[in-house]
Amino acid sequence: MFVIQIILFIFFLFAFVKVVGRFKAGEIGKMTALGWCLFWVAAMLVVILPNSTAQVAKLVGIGRGADLVVYLALAALFFIMFRMMVKIERFGKEITALTRKISLQEKDKPTAK
Amino acid sequence: MIFVIVPAYNEEKSIGRVLGGFFETQFKDESLKNMKVVVVDDGSIDNTVQIASQAGATVLRHEINRGQGAALQTGNEYALEQGASIVVHFDADGQFNPVDIESGLMTMKNKGVDVVLGSRFLDNRSKMPWSKKYLLLPISRFVNRLLTGLKLTDAHNGFRILSRKALQKINISQDRMAHNSEIVKQIKQHNLLFAEHPVEVVYAEYGQGVGGGLKILQDLLAAKFLR
């Protein structure tokens, strides 16, 4: 076993524990917690058994399992980034609408800070 | 009634002078003598609000900074609600000359248009930095023309006069500086009649440079692809 495998395994385990912690604290829902738990468990499995991805990689026409993981991770990251951008854009619009509403409602009140 | 909307963010140095300019200018048009000046304070952390109130303007306040486009839309909605017949957009940094409002209104009446857009390029009163005149603005005009479909002699000029009809049709969703191109685009979309009108712009500061222009482009493209 290589050092990098140990480091990654510990990190994924840490992430797993964090997810459980957030769930127990009631900050994330059951399904979100379950999804992330499965994700980190899968990540740990891949780290311990790196060859497990080789078969899937071959199936889709990529030489190495590690490459497949990197490609998938990149695609997922960019997609998540896009979704976050949309979300942030929408939050901005909502905040503006709220700010405007407050501003128009309070127009008759004294303006002193 | 004519409403002048002045979006202001930390403009304590110039807002008093700008508002004073409205009240001191000897307008011939009766409707201008009774015009209502509305400052939309965009979450300033300086004394903009106090100075504007003392100067006799109606002050609307954004609790947090949302950008010039957002402030203008707040002013527009307020003016609509108050029954405005005409709205003038006027910058708070002291670059515009209130005299142009009266001549702009004449243009609006004489040409029978719904929108009057200020332009620095229709007379030679504006002395702008050469890099702005010959580099930045020609590029901005070209990009705007591509994105909005309207050919104008100026780009990102904050001086506008809108009829009530235009006010009802135009909805600014671009919170930051891209609102300018958005308004032009909506003029075209709603087939509003418009005319350009020469305005004087005095440069105390450079204003928006290349960085600002790129930010506008980014906002416009984001709006195009994120819907």
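## A walk through chains A and B

Let's start in chain A, where helix α1(A) is followed by A:G26, a residue whose phi is positive, near 80 degrees. Keep in mind that you're looking at a predicted model. The helix before that glycine covers residues 3–24 of chain A. How far should its 22 residues reach? At 1.5 Å a residue, α1(A) should span 32 Å, and its end C-alpha atoms are indeed 32 Å apart, so the expected and modelled spans agree.

Staying in chain A, have a look at helix α3 (residues 52–60) and helix α4 (residues 65–105). They pack at an angle of about 75 degrees, with their axes 7 Å apart. Angles of 65 to 115 degrees count as roughly perpendicular, and α3(A) and α4(A) therefore fall into that class. On the α3(A) side, the contact uses A:T53, A:A54, A:V56, A:A57 and A:V60. From α4(A) come A:G65, A:D67, A:L68 and A:V69. Sort the residues of this contact by class and you get six nonpolar, two polar and one charged.

Now for the place where the chains touch. Chain B puts 18 residues into the contact, and chain A puts in 15 residues. Which elements of chain B each supply at least two residues to its side? They are α3 (48–54), β3 and α4 (68–81) of chain B. The largest share comes from α4(B), with five residues. By class, the side of chain B that touches chain A holds eight nonpolar, five polar and five charged residues.

Moving further into chain B, you'll find an open sheet of seven strands. Reading across, the order is β3-β2-β1-β4-β6-β5-β7 (chain B), and the pairing is mixed. The edge strands, each pairing on one side only, are β3 (58–62) and β7 (194–198) of chain B. On average, neighbouring strands of this sheet are turned by 20 degrees against each other, direction ignored. Follow the sheet to β7(B): strand β5 (residues 115–119) of chain B runs parallel to it, and five bridges join the two. Want one bridge to click on? B:V116 has B:A195 in β7(B) as its bridge partner. Helix α5 (residues 99–111) of chain B packs on the sheet, touching β4 (86–89), β5, β6 (160–163) and β7 of chain B. The direction of α5 makes about 150 degrees with that of β7(B).

Last stop: helix α6 (residues 130–148) of chain B, which has two helical partners to look at. With helix α9 (residues 210–225) of chain B, α6(B) packs at an angle of about 5 degrees, and the axes are 11 Å apart. That small an angle makes α6(B) roughly parallel to α9(B). Here B:L136, B:S140, B:V143 and B:L147 in α6(B) meet B:V210, B:G213, B:L217 and B:L220 in α9(B). This contact has six nonpolar, two polar and no charged residues.

The other partner is helix α8 (residues 179–189) of chain B, packed against α6(B) at an angle of about 45 degrees with the axes 9 Å apart. That makes α6(B) oblique to α8(B), and the crossing is right-handed. From α6(B), the contact takes B:N144, B:L147 and B:T148, while α8(B) brings B:S181, B:V184, B:K185 and B:K188. Their classes come out as two nonpolar, three polar and two charged residues. Notice B:L147, which turns up in the contact with α9(B) and again in the one with α8(B).

Methods. Residues numbered from 1 in each chain as written. Chains lettered and ligands numbered in written order. Predicted model: local features only at pLDDT ≥ 70, side-chain atom pairs only at ≥ 80, totals over all residues. Pairing = 2+ DSSP bridges. Helix = DSSP H or I, 4+ residues; strand = E, 2+ residues; numbered from the N terminus. Axes fitted to C-alpha atoms, helices over the stretch in contact; angles between N-to-C directions. Contact = placed C-beta atoms within 7 Å. Nonpolar A, V, L, I, M, F, W, Y, C, P; charged D, E, K, R; others polar. Parallel < 35°, antiparallel > 145°, perpendicular 65-115°, else oblique. Expected span 1.5 Å × (residues − 1). Left-handed = near helix turned anticlockwise from the far one by under 90°.
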